[in-house]
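Open the model in your viewer and keep the sequence panel visible. This tour says what to select at each stop and what is there.

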Amino acid sequence: MVRAHRYSAAAHCLVAVIALAALGASCSKTASPPTAFGVNLTIDGHALDASVLSAGIGLTLDVSGAETKSFTLSGDYTNALKNDKVVRFRFIPVVMTGSLDLTVTGTGAGSTVVATGSAKGVTLQTTAVNVTITLAGTTGDGGPSDGPVVVNDGGASNGTTCTSGDTCASGVCSDGVCCDKACDGVCESCNVSATTKGTCTAIPENTDPDMECAEKVAVAPTDTGDASAEAGASDASTEAGASEAGASDSGAADSGTESDAEVINTPDGGFMTTKGACGGTCNGARACKYPGTEKSCGKPFCNDRRDVGSFVCDGNGSCGTALTACSDYACDETKASCHTNCAGPDDCLLTDYCAADGTCKPKKVISVACGTDGECKTDHCSNGVCCNTACTGTGLSCNDPGQAGQCKCQGVTCAAGVACQIFYKDGDADTYGDMSGTIANGRAVAGCMGSTPPAGFVVDNTDCDDTDANAHPGQTTFFAVQRKSGGFDYDCDNKLTKSVPEYVGGSCKFCGAVGSCDATSTTCSSTSQTASFQCPQEGSGVIIRPEPVQTASLSEPVDVTVVKSSLATSSAGTTAATSPTTICKACILSCCGCATNDKSGFLQTVACGDATHYAYTCGSCSAVGGGPLTSSALRQQTCR
């Protein structure tokens, strides 16, 4: 597409459309041409004969060189040239570099060429190029004329107030006075001062009377980020966090790629810029000068954890964004600047950790001493050093001599894929290993999974007293003396179990019927009754159904889980952890206090090993309305 834009306007300015672009013309300068990319083209017809102009001239612009195009400028342009003798518009080529040859041909009635003009070798630049093509008249047959027509011979001298070039000897009226030339460039005027009036002169430095160097329209940065960019991909890739650390420490190559494009994330509340902050002034040499990046033009913001975003002038009259990377510390959202101290990991970059002194420090490589996972690039601190893996498995160490930082099976090299395991000391040869054994105290050693334990070591580590062969899990015997390491916990269940129940302050009593076992009496109603110290509801253990049956009535078969809970009542009246002797799929709850263990025991607390107290046994009914028969005997209290 070839584009053209009007860049000045006056009372007689006209606008037309050529191709897909707007074109304009101006009779006199009221504003400066834009400085953006393109060609600011002036077609000057002052040298043409008045009769030629008054008859109307159609114009054709031919472009060749780096780009080839042709435009017909008629209608409004014919009128503009006729009335003002000047046509101005902005031509924007498709190509961005190279040089162009511009040729303007004027045609009269019958398509007769009456004027021509050209500009050869116009080199395109990043900013606008100003080009003036002066039309010269031709003979009727298209050949060269005898020369330019003298316009208004004897007109007003330069510096004289004017409204049209027709009144000026020079044929040019600019900035309200007759001028020595078309003074329509940037930061130049024919009316700068009394001494220079009539001469096209550069506007003095640091002034801008025509507002030619105002701030350009600033376009807000495009939000190329999203919610995950700040906490995820952008942050992690640019800070070279855990993935980089893992690669460098383990020897793996970092094959990731990263775009060079800056990712701008919209802050809460949006972008906030200061209007007009980047406007400039003339530089005294026919050009504008604008503030550079040293001048702020908006409110700073945290673009992500690493980068502080700011708005600064670009030196060309626009306000743009700039990113400044923080070092060690993360961006502080409340201040839109890098933190200067830390209270936790969120105040540091992903490549750093928050040290005890409140400063962010680079994460440590493997084998360096550490106290927490966060201090290490690998995020693994094990055995007091930064480790290549978590190293929390059985028998593993990350600080073996000569191999610090590498997670290994302690003192053993296992085949690839074979796990590490620990063997524990079995000092009493009861096949149970020392539960307090560790590699550090010498009562455990590391080995490879599936290998034979060293002599005197076993896989198990549940022995609570590895100096006494009688002490081990599953022991069912009761003992009257303490185990070798002290205490009576021979079955290693961390609780004391006595062989003889104790009913402190208890007495023999007759129990109530099923469903009302809490109804007790010191006298019996039947000679078949037997007294008990406890009156729990107990089952008969009769198998009457092939499958468990859950019913609401306790006199009917019930689910086995309910029955187990009832049958598991110990002689001491507490629910034991062991299963009942008789396991049935469905049982009848038919008896209160009928179990043998409810009928005999001490009436006070008796220490383990003590043999100086009597144990009492509740007997049967002596006679209807009478009490129970009781007996007693000295018994030793044993425990496990």
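The stops below go from the whole chain to two sheets, a surface patch and three disulfides.

**Before you start**

This is a predicted model, in which local features need pLDDT of at least 70 and side-chain atom pairs count only at pLDDT 80 or more, while totals for chains, interfaces and linings use all residues. Residues are numbered from 1 along each chain as its sequence is written, and side-chain values use heavy atoms, with hydrogens and water left out.

**Stop 1: the whole chain**

Show the protein chain as a cartoon. The protein chain has 6 helices and 36 strands; helices (H or I, at least four residues) and strands (E, at least two) are DSSP runs, numbered from the N terminus.

Of the 640 residues in the protein chain, 40% are buried. Buried means under 20% relative accessible area, exposed means over 50%, and partly exposed lies in between (1.4 Å probe, protein chains only).

Now show the surface. The protein chain exposes about 31600 Å², and carbon and sulfur atoms supply 52% of that area. Accessible areas come from the Shrake-Rupley method with a 1.4 Å probe, and for residues only the protein chains shown count as cover.

How much of the contacts with a separation of 6 or more comes from residues 24 or more positions apart? In the protein chain the share is 54%, where contact means heavy atoms within 4.5 Å.

**Stop 2: the sheet E18-E19-E20**

Select residues 301-302, which are strand E18, and 319-325, which are strand E20. Add strand E19, residues 307-313. These 3 strands form an open sheet in the order E18-E19-E20, with antiparallel pairing. Two strands pair if DSSP finds at least two bridges between them.

E18 and E20 are the edge strands, and each pairs on one side only. E19 and E20 are joined by 7 bridges in the antiparallel sense. To see one of the residue pairs, select Asp307 and its bridge partner in E20, Ala325.

Strands of a sheet pair through backbone hydrogen bonds, either parallel or antiparallel.

**Stop 3: the sheet E34-E35-E36**

Select residues 613-621, which are strand E35. Then add strand E34 (600-601) and strand E36 (628-635). This is an open sheet of 3 strands in the order E34-E35-E36, and the pairing is antiparallel. E34 and E36 stand at the edges with a single partner strand each, so one side of each has no neighbour in the sheet.

How many bridges join E34 and E35? The two strands pair over 2 bridges in the antiparallel sense. Pick Gly601 and Tyr616: Tyr616 in E35 is the bridge partner of Gly601.

E35 and E36 pair over 7 bridges, also in the antiparallel sense. Tyr614 stands opposite Leu634 in E36. Follow the chain through the hairpin of E35 and E36, which has 6 residues between the strands; Gly625 takes a positive phi near 90 degrees there.

**Stop 4: a nonpolar patch**

Keep Tyr614, Tyr616 and Leu634 selected and show their surface. These residues make a nonpolar surface patch of about 290 Å². Patches are made of residues with over 30% relative accessible area and no salt bridge, with like charges joined within 9 Å and nonpolar side chains (Val, Leu, Ile, Met, Phe, Trp, Tyr) within 5 Å. A salt bridge is a side-chain nitrogen of Lys or Arg within 4 Å of a carboxyl oxygen of Asp or Glu.

Is Tyr616 buried or partly exposed? Tyr616 has a relative accessible area of 31%, so it counts as partly exposed.

**Stop 5: three disulfides**

A search of the whole structure finds 25 disulfides; a disulfide is a pair of cysteine sulfur atoms within 2.5 Å.

Select Cys168 and Cys178, which are joined with an S to S distance of 1.9 Å. The torsion about their S-S bond is about -75 degrees, so this disulfide is left-handed. Both Cys168 and Cys178 are buried.

Next, select Cys414 and Cys448, joined at 2.1 Å from S to S. Cys414 lies in the loop between strand E28 (408-409) and strand E29 (420-425) and Cys448 in strand E30 (residues 444-448), so the pair ties together parts 34 residues apart in sequence. Both Cys414 and Cys448 are buried.

Last, select Cys464 and Cys492, with an S to S distance of 2.0 Å. Their link is left-handed, with -75 degrees about the S-S bond. Cys464 is partly exposed at 21% relative accessible area, whereas Cys492 counts as buried at 14%.
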